[in-house]
Amino acid sequence: MLKKILAVSILVFLIGYAIYYAINPNTAKEGVTEGSAAPNFELATLNGESMSLESLKGKKVILNFWATWCPPCRSEMPDMQSIQDEHNGDVVVVAVNLTSSESSVKTVEDFVNELGLTFPVLLDEKGKVNNQFEVLSYPTSYFLDEEGVIRTKFVGAMTYDQMNDLLDDL
């Protein structure tokens, strides 16, 4: 009798498990690979405000990791600004600066002002988010869909056309 109860219990559990995953097939596990839900984080902006990745759900996001001393980072920033300007709030460029590698926050501010960047620049002062996203070289960008799922990881500088093509794929 105990064996029958155990067998029925296991069967009920397995059926419930199968039904749950049949109903929720798009539940992405958190991680930093394509198809994973990007891990949430919260960092300070240059303005001293706090911004979380979670707050951007509902928009397409280009999450860019960069530093002022990186020539390829500098070359792609004007194109990122164009993308931000042209997508009427449907796309948000978020630039996470590896602040721990900079001489000062003023260096970052000067860079942003020189290029006239208006998208959010977040300060990763301890490198925690860079480590969390396994950034090994700069620039590295993640393209997130409206649900916060990573659709593309791109290492290296991108052109305006590449950014638009990757956004079209979201």
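In this predicted model, Met80 is located in helix 2. The relative accessibility of Met80 is 0%, and the residue is therefore counted as buried. Apart from neighbours within four places in sequence, the contacts of Met80 are Ile62, Asn64, Val93, Phe119, Ser141, Met158 and Met163. A further relation across the chain links Met80 to Asn164: the two residues are 84 apart along the chain, and their C-alpha atoms are separated by 9.9 Å.

The fold that surrounds this residue comprises 5 helices and 7 strands. Read from the N terminus, the elements follow the order α-β-β-β-α-β-α-β-α-β-β-α. The protein has 170 residues, of which 42% count as buried. Among contacts with a separation of 6 or more, 69% are between residues 24 or more positions apart.

Helix 3 was examined next. This helix spans residues 105–115, and its buried residues are Val108, Phe111 and Val112. Viewed down the helix axis, the buried residues fall within an arc of 95 degrees, so they line one face of helix 3. Asn113 and Glu114, on the other side of the helix, are exposed. The packing partners of the buried residues are strand 3 (60–66), helix 2 (71–86), strand 4 (91–97) and strand 5 (121–123). Helix 2, the element that contains Met80, is thus one of the elements against which the buried residues of helix 3 pack.

Both ends of helix 3 carry local features. At the N-terminal end, Ser104 acts as a cap, with a side-chain oxygen 3.3 Å from the backbone nitrogen of Lys106. After the helix comes Gly116, which has a positive phi near 65 degrees.

The loop between helix 3 and strand 5 includes Pro120. Beyond neighbours within four places in sequence, Pro120 is in contact with Met51, Val92, Val93, Val94 and Ala95. In the case of Val93, a sequence separation of 27 residues corresponds to a C-alpha to C-alpha distance of 7.0 Å from Pro120. Val93 is also among the contacts of Met80.

Pro120 also belongs to the lining of the largest pocket, where Thr45, Asn47, Phe119, Pro120 and Val121 lie nearest the centre. The volume of this pocket is about 200 Å³, and its lining consists of 14 residues. Sorted by class, the lining holds 7 nonpolar, 5 polar and 2 charged residues. At least two lining residues come from each of strand 2 (50–52) and helix 3. The greatest contribution is that of helix 3, which supplies 3 residues. Phe119, one of the residues nearest the centre of the pocket, is in turn a contact of Met80.

Two buried polar or charged side chains were considered individually. Asn130 is part of helix 4, which covers residues 128–132. With a relative accessible area of 3%, Asn130 is buried. Its side chain forms a polar contact of 2.6 Å with the side chain of Asp124. When neighbours within four places in sequence are set aside, the residues in contact with Asn130 are Phe65, Val96, Leu98, Asp124, Val135 and Tyr138.

Asp145 is placed in the loop that connects strand 6 (140–144) with strand 7 (150–155). This residue has a relative accessibility of 9% and therefore counts as buried, the limit being under 20%. Outside the neighbours within four places in sequence, Asp145 is in contact with Lys59, Arg151 and Leu170.

The loop between helix 4 and strand 6 shows two features of backbone geometry. Glu134, which lies in this loop, has a positive phi of about 55 degrees although it is not a glycine. At a relative accessibility of 48%, Glu134 is classed as partly exposed. Pro139 is also found in the loop between helix 4 and strand 6. The peptide bond that joins Tyr138 and Pro139 is cis, with omega at about -10 degrees. Tyr138 is, in addition, one of the residues in contact with Asn130.

Methods
Residues numbered from 1 in each chain as written. Predicted model: local features only at pLDDT ≥ 70, side-chain atom pairs only at ≥ 80, totals over all residues. Heavy atoms only, no water. 1 Å grid on protein atoms, 1.4 Å probe; cavity = no way out; pocket = protein on both sides within 12 Å on 5 of 7 lines; lining within 4 Å. Points joined across faces, edges and corners; volume = space filled by probe spheres on them. Helix = DSSP H or I, 4+ residues; strand = E, 2+ residues; numbered from the N terminus. Nonpolar A, V, L, I, M, F, W, Y, C, P; charged D, E, K, R; others polar. Buried < 20%, exposed > 50% of the residue type's maximum accessible area, 1.4 Å probe, protein only. Arc of directions from axis to C-beta. Contact = heavy atoms within 4.5 Å. Polar contact = N/O pair within 3.5 Å; in protein donor to acceptor, adjacent residues only side chain to side chain.
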